[in-house]
Amino acid sequence: QVQLVESGGGLVQAGGSLRLSCAASGSIFSINTMGWYRQAPGKQRELVAAVTSGGLTNYADSVKGRFTISRDNAKNTVYLQMNSLKPEDTAVYYCNTNLMQKWYSGFSEYWGQGTQVTVSS
């Protein structure tokens with residue numbers, strides 16, 4: 001069994017900052033990519049940022065220069081530092097990972113429960 005536990009969401013004024021954390025626990029052999037997606041009301045879920053086990057990163061154009069993704073491989077944890085937040089960043093943010101539970105099991109995708117980020121104008 002694998003669990004992704006997210007924390008750090010909340011309410012912040014435009015221009016403010018928040019830091020999201022997501023820790024993966026359970027039966028884990030290897031983690032490939034870890035990332036964050038978001039879904040605003042009435043919109044599709046979209047990729048915000050992702051990071052590979054080797055440190056390669058990818059960002060949505062809308063957050064480049066404002067958000068920074070990082071991970072601590074020893075703790076199986078991924079972080080999302082969000083600066084200069086805008087009202088349009090308001091959404092439920094979901095942690096996502098691609099990991100292998102056993103060396104022979106292949107990679108599977110897992111999602112966190114989501115954390116609400118609300119940016120007021």
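A salt bridge is a side-chain nitrogen of Lys or Arg within 4 Å of a carboxyl oxygen of Asp or Glu. The exercises below apply this to a predicted model.

**Exercise 1.** Determine whether the side chains of Arg66 and Asp89 meet the distance cut-off for a salt bridge, and state where in the chain the two residues lie and whether each is buried or exposed.

*Solution.* Start with the distance: the side chains of Arg66 and Asp89 approach to 2.8 Å, N to O, and form a salt bridge, because the cut-off is 4 Å. Next, place the partners: Arg66 sits in the loop between strand S6 (57-59) and S7, while Asp89 sits in the loop between S8 and S9, so that the pair links distant parts of the chain, 23 residues apart. Finally, compare the accessibilities with the limit for burial, which is under 20% relative accessible area: Arg66 has 10% and is therefore buried, and Asp89, at 1%, is buried as well.

**Exercise 2.** Find which residues are joined with Arg66 and Asp89 into one network of salt bridges, and describe the accessibility of Arg38 and Glu46.

*Solution.* Salt bridges that share partners join Arg38, Glu46, Arg66 and Asp89 into one network. Within it, the side chains of Arg38 and Glu46 meet at 2.7 Å, N to O. Arg38 is buried, with a relative accessible area of 6%, whereas Glu46 is partly exposed at 35%. The structure holds 4 salt bridges, and one of them lies between Asp61 and Lys64 at 3.1 Å, N to O; Asp61 is exposed, with a relative accessible area of 64%.

**Exercise 3.** Work out the strand order of the open sheet of 4 strands, and name its edge strands.

*Solution.* The order is S1-S3-S8-S7, with antiparallel pairing. The edges are strand S1 (2-7) and strand S7 (67-72), each of which pairs on one side only. Neighbouring strands of this sheet are turned against each other by 15° on average, direction ignored. At the S1 edge, 6 bridges join S1 to strand S3 (residues 18-26), and there Val5 has Ala23 in S3 as its bridge partner.

**Exercise 4.** Identify the residues with the most contacts inside the largest nonpolar core, and trace the surroundings of Tyr93.

*Solution.* This core has 30 residues, and those with the most contacts inside it are Trp36, Leu80, Met82 and Tyr93. Among the elements that give it two or more residues are S1, S3, S7 and strand S8 (77-82). Leaving aside neighbours within four places in sequence, Tyr93 is in contact with residues including Trp36, Leu80 and Met82, and also with Arg38, the buried residue of Exercise 2.

Methods:
Residues are numbered from 1 along each chain as its sequence is written. This is a predicted model: local features need pLDDT of at least 70, side-chain atom pairs count only at pLDDT 80 or more; totals for chains, interfaces and linings use all residues. Side-chain values use heavy atoms; hydrogens and water are left out. Two strands pair if DSSP finds at least two bridges between them. Axes are lines fitted to C-alpha atoms, for helices over the stretch in contact, and angles run from 0 to 180 degrees between N-to-C directions. A nonpolar core is a set of buried Ala, Val, Leu, Ile, Met, Phe, Trp, Tyr and Cys residues joined through side-chain atoms within 4.5 Å. Buried means under 20% relative accessible area, exposed over 50%, partly exposed in between (1.4 Å probe, protein chains only). Contact means heavy atoms within 4.5 Å.
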